[in-house]
Amino acid sequence: MATCNMNILLNTLKKLRIDHTIMRSFQKPRFRPPYWYIPKERAQTEEFLTQDNKHFLDEVVQDRKLNQALVQSPLASVETNQTAQWNPHTRRVGLIARKIGNYPLWTKDGKKVQTTLLQVVDNHVVKYVPPEEFNPMKKSSEIVTSNIKRKLGCILVGSETVDPSTVTKDYCGIFNNVGILPKKHLFRFMVSPESYLPPGTPLSATHFRVGDHIDIRAKTMDRGFQGVMKRWGFKGMPASHGVTKTHRRPGNIGAGGQKARVWPGTKMPGHMGNRWRILRGVKILRINTKHNVIWTLGVAIPGETGAMCYLFDTILPEKKHNTQPPFPTQPLAEDVPLEYFDDSVHAFDQQSISFEES
Amino acid sequence: MALAIRRSTTDIFCAAKWFTRRDCRVLSTLPEKAEEVEVSTVVKKDKVIRARGSRNPHFENRFVYPEFLPDPNPNWRNSLREKLERADMLKRRNQIDIPEFYVGSILAVTVADPHSQGKTNKFVGICIERKGCGLRAEFTLRNVVDHQGVEVRYDLYDPTIQTIQVLRLEKRLDEKLFYLRDALPEYSTFPFDMDPELLPEGTPVPLNPVQVKLKPRPWLERWERQELKGVANIEEHLREKDRVRRELRATPWEKYDLMKQYRKTIPMEEQNDIWAEVNSQLQQLHMTRKKMSRKRTFSTPKTQLG
């Protein structure tokens, strides 16, 4: 019986042939989300809740929001026994802000400057990953070499509290152990281990000081598929003088002869905008501590009104911090002035500007 | 022969116009009905507005303080930014008296200027434009100095402005007076030592129905297409071609475009919130300024007597 079975098995094995093989060429690893990433969106279904139950759920959310506001910052207890030292090479955590518009301010010498307003909406530290465990999945060779020299940890920051019933259970799990409500936006900041912050620490606009320079990372306005004149600023061709059908076209895109092809990187029509861009060295002119709003100089901050921005200490050597900034962050205090103004900025409740005769 | 043909063609053209108009009326009958309906609705609207005005004490504020209403473009709006902006505007208004004025009023503005002698600069002129929302609000003054037209644009909330004085408070027939650039110079000439004309308290802002005379062409803009009420002699300078083009380019339906109007304005409900937030402070400022001005008016006759 056993031999019979063996024979059958051998026969079937003989019939097996390898006639289709897939050879995979080497591919660069694609971007994969970080390991703490958990899908946030949940399919919204009809819950068939009664009106009373809905009210009850709303009340629960409100209570939890209040509790979150009342919880004392964990920084208060930590800072007393451990004081980390700041040096010019340490990297601090950044902030997540929303761009809320532009309006002019005036300097003390009477010059009008345009500013962009960035609102820091309830930012909380969600997680800290020490450098030994932090292993970003997507890395280019440059980051690897620099990481060997100087290992960086990672702080996960969340912003804008949402109703927990609108997101997945797993996503809520990230925040439950910290004791905060789930956040709409998450971002990781690479930090040096000295600037560790315990999870649950609230971050406010006073993390930066007036007069500091910051780098702002945001997505530019999406302009869709654009021609060469709008995308690259080409001149186009004349409107008249016998020109037909080539008013906005690029013209020649390559030479003939030996190199009869289009060179890589030639400026051509294509999708414009909706890219991540960093604007470096933006000066902070004014900070409102009540609404956590930062006024920054200039209107070149990427994105439309309502776009999310990520703020960091600048890496420009000329504009880096000279003195110690609030480190690891500014603890929340009750008796802070409502607004901080840069020395160059005229506050509107001051007297009109007048010049003295010399 | 050619002349005869031309004449006949023009006659036919006129007749055709007449016919078509008639036909439209006969065929559709909609416009006539619509007109009737409109009349009734207009009357109703007036009543409604009056009723609202009586209910809402700060309904008139949108004409007196137009810059407190934000830009209606939804892409640029944010409630917190608007609130902060309004707070800043009120702070500036606490520092300096920004009076009520309209396009067509004559203003005197004194500005701190590091390059002028005495470090201040005074300019008198007629306000030909007022635009912008929030801290960007601005107005333009025009005057003719030494036979040379001069226009200066000021930011309303610029802290270098020392004083803004209304020399003559009045409105004109149009919302923008850019046609003064092509009008005879006497319409925009005002002496720099003009005395302020005081209106008795409680009088409504007077409307100046003056119609200016334009200089012959060339003009800076095609004034004939803008349906201006404050220009007297525009037909003198027009050629037949211009009249035809004006007819072709006219957009008489735009005043019935409710959606366009809606997009240009801030809805009543939002306006109510804004005025409720701002009104008490504005009223207080107005009252204090009134007291100050009364004191000033008592002092002026003495100097005249002396």
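**View 1. B:Leu107 stands opposite B:Gly125, a residue of strand 2 of chain B.** The model is predicted. The view is centred on the pairing of strand 1 with strand 2 in chain B. Strand 1 covers residues 106-112, and strand 2 covers residues 120-131. Their pairing is antiparallel. Seven bridges join the two strands.

**View 2. An open sheet of five strands in chain B.** The strand order is 4-3-2-1-5. Pairing in the sheet is antiparallel. From one strand to the next, the twist averages 35°.

**View 3. Strand 4 and strand 5 form the edges of the sheet in chain B.** Strand 4 spans 148-155. Strand 5 spans 161-168. Each edge strand pairs on one side only. In the sheet order 4-3-2-1-5, strand 4 sits beside strand 3, and strand 5 sits beside strand 1.

**View 4. The sheet strands in the setting of the chain B fold.** Chain B has seven helices and five strands. Which order do the elements of chain B follow from the N terminus on? They run α-α-α-α-β-β-β-β-β-α-α-α. Four helices thus precede the strands, and three helices follow them.

**View 5. Burial, contacts and surface of chain B.** Chain B has 306 residues, and 35% of them count as buried. Among contacts in chain B with a separation of 6 or more, 65% come from residues 24 or more positions apart. The exposed area of chain B is about 20,200 Å². Carbon and sulfur atoms supply 56% of that area.

Technical notes:
Residues numbered from 1 in each chain as written. Chains lettered and ligands numbered in written order. Predicted model: local features only at pLDDT ≥ 70, side-chain atom pairs only at ≥ 80, totals over all residues. Heavy atoms only, no water. Pairing = 2+ DSSP bridges. Axes fitted to C-alpha atoms, helices over the stretch in contact; angles between N-to-C directions. Buried < 20%, exposed > 50% of the residue type's maximum accessible area, 1.4 Å probe, protein only. Contact = heavy atoms within 4.5 Å. Areas by Shrake-Rupley, 256 points an atom, 1.4 Å probe, with all protein chains shown as cover.
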